[in-house]
Every structure is written in C-alpha cells, then in structure tokens.
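Please open the structure in your viewer and keep the selection tool at hand. This tour goes from one selection to the next.

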Amino acid sequence: MKAITVMSYEHFIGGLIAGIISAVFSLKGILPITNSVLGVIISLIIVYLLGKHAENKFGREEISLGTWVMNGVVPYYFIWMVVWILLLNYLPVFIPGVVL
C-alpha cells in the first residue's frame, strides 16, 4: 500500500478512538470526571502523535505537511466529529443513568 493510504487509514482509526474518548468525557455517569475540553485536548494530542508517527514511519519526502493535512487531519476531524455527535445522541438513550 502507498504511504498516504496507510496514513489515512491510521488517522481514520484514530478519529474513531478520539470520538469515543470525547464522548466518554462529555457524558455524565460514565467516568467520575465530566469535561468536554479534556476530551478535545486528548483528541488533539492523538492527531499530533499520529502525524509524528506517519512522519517517522514514511519520512518527510512522502508525507509533506499539505499531504498530512488533506489526507490525515481532515478525515480524522470528520470521523472524530461524526462519532462524537452520534455517541452523544445515542448513548443516553441506550444506557440508563447516562445524561448530557
């Protein structure tokens, strides 16, 4: 597989994980701490670490800043937001005791 494709898949999976983490920190009743900002900060750290991982794995020649933004950060952001919003809307319905 090409480096850009692998990087995109890694960011896609990272977006899924970040969406779950953000939702867990946003809903009351799952963790003792409820703070949406903490979920966002953790998600930003994840995307930064994914970018550094891609840079170390493939090199700057294959993964430039523009390539990383368009094929890494943009899919990461959209998957993160979709998963976060869906979980915020559906987890309180299916899990008793969980509220916004």
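The stops below run from the whole chain to helix pairs and then to single residues.

**Whole chain**

Start with everything shown as a cartoon. Keep in mind that this is a predicted model. Which elements should you see? The chain has three helices and zero strands. From the N terminus on, their order reads α-α-α. Turn the view along the principal axes: the C-alpha atoms fill a box of roughly 50 × 20 × 15 Å. Now colour by burial. Of the 100 residues, 36% count as buried. Switch on contacts between residues at least 6 apart in sequence, and 76% of them join residues at least 24 apart.

**Helices H1 and H3**

Select residues 3–26, which form helix H1. Add residues 65–94, which form helix H3. How do the axes of H1 and H3 cross? They come within 7 Å and cross at roughly 30 degrees. The cut-off for roughly parallel is under 35 degrees, so H1 counts as roughly parallel to H3. The crossing of the two is right-handed. Colour this contact by residue class: there are 16 nonpolar and 10 polar residues, and no charged ones.

**Helices H2 and H3**

Keep H3 and bring in helix H2, residues 36–58. The axes of H2 and H3 come within 11 Å and cross at roughly 150 degrees. Angles over 145 degrees count as roughly antiparallel, and H2 and H3 are therefore roughly antiparallel to each other. H2 passes H3 in a right-handed crossing.

Next, show side chains at this contact. On the H2 side, pick Ser-36, Val-40, Ser-43, Ile-46, Val-47, Leu-50 and Gly-51. On the H3 side, pick Trp-68, Val-73, Tyr-76, Trp-80 and Trp-84, which the H2 residues meet. By class, this contact holds nine nonpolar, three polar and no charged residues.

**His-11**

Select His-11 in H1. Is His-11 buried or exposed? His-11 counts as buried because its relative accessibility is 0%. Draw a distance from its side chain to the backbone oxygen of Met-7: the viewer should give 2.9 Å.

Now expand the selection to contacts, leaving out residues up to four places away in sequence. His-11 touches Val-47, Leu-50, Gly-51, Trp-68, Gly-72, Val-73 and Tyr-76. Look back at the H2 and H3 contact: Val-47, Leu-50 and Gly-51 are among its H2 residues, and Trp-68, Val-73 and Tyr-76 are among its H3 residues.

**Glu-10**

Move to Glu-10, also in helix H1. With 18% relative accessibility, Glu-10 counts as buried, since the cut-off is under 20%. What does Glu-10 touch, not counting residues up to four places away in sequence? Its contacts are Leu-50, His-53 and Lys-57. Leu-50 appears here and in the list for His-11.

**Ile-79**

For the last stop, select Ile-79 in helix H3. Its relative accessible area is 19%, so Ile-79 is buried. Leaving out residues up to four places away in sequence, Ile-79 touches Phe-12, Gly-15 and Leu-16. Finish by drawing a line from Ile-79 to His-11, C-alpha to C-alpha. How far apart are they in sequence and in space? The pair is 68 residues apart in sequence and 9.0 Å apart in space.

How values were computed
Residues numbered from 1 in each chain as written. Predicted model: local features only at pLDDT ≥ 70, side-chain atom pairs only at ≥ 80, totals over all residues. Heavy atoms only, no water. Axes fitted to C-alpha atoms, helices over the stretch in contact; angles between N-to-C directions. Helix = DSSP H or I, 4+ residues; strand = E, 2+ residues; numbered from the N terminus. Parallel < 35°, antiparallel > 145°, perpendicular 65-115°, else oblique. Left-handed = near helix turned anticlockwise from the far one by under 90°. Contact = heavy atoms within 4.5 Å. Nonpolar A, V, L, I, M, F, W, Y, C, P; charged D, E, K, R; others polar. Buried < 20%, exposed > 50% of the residue type's maximum accessible area, 1.4 Å probe, protein only. Polar contact = N/O pair within 3.5 Å; in protein donor to acceptor, adjacent residues only side chain to side chain.
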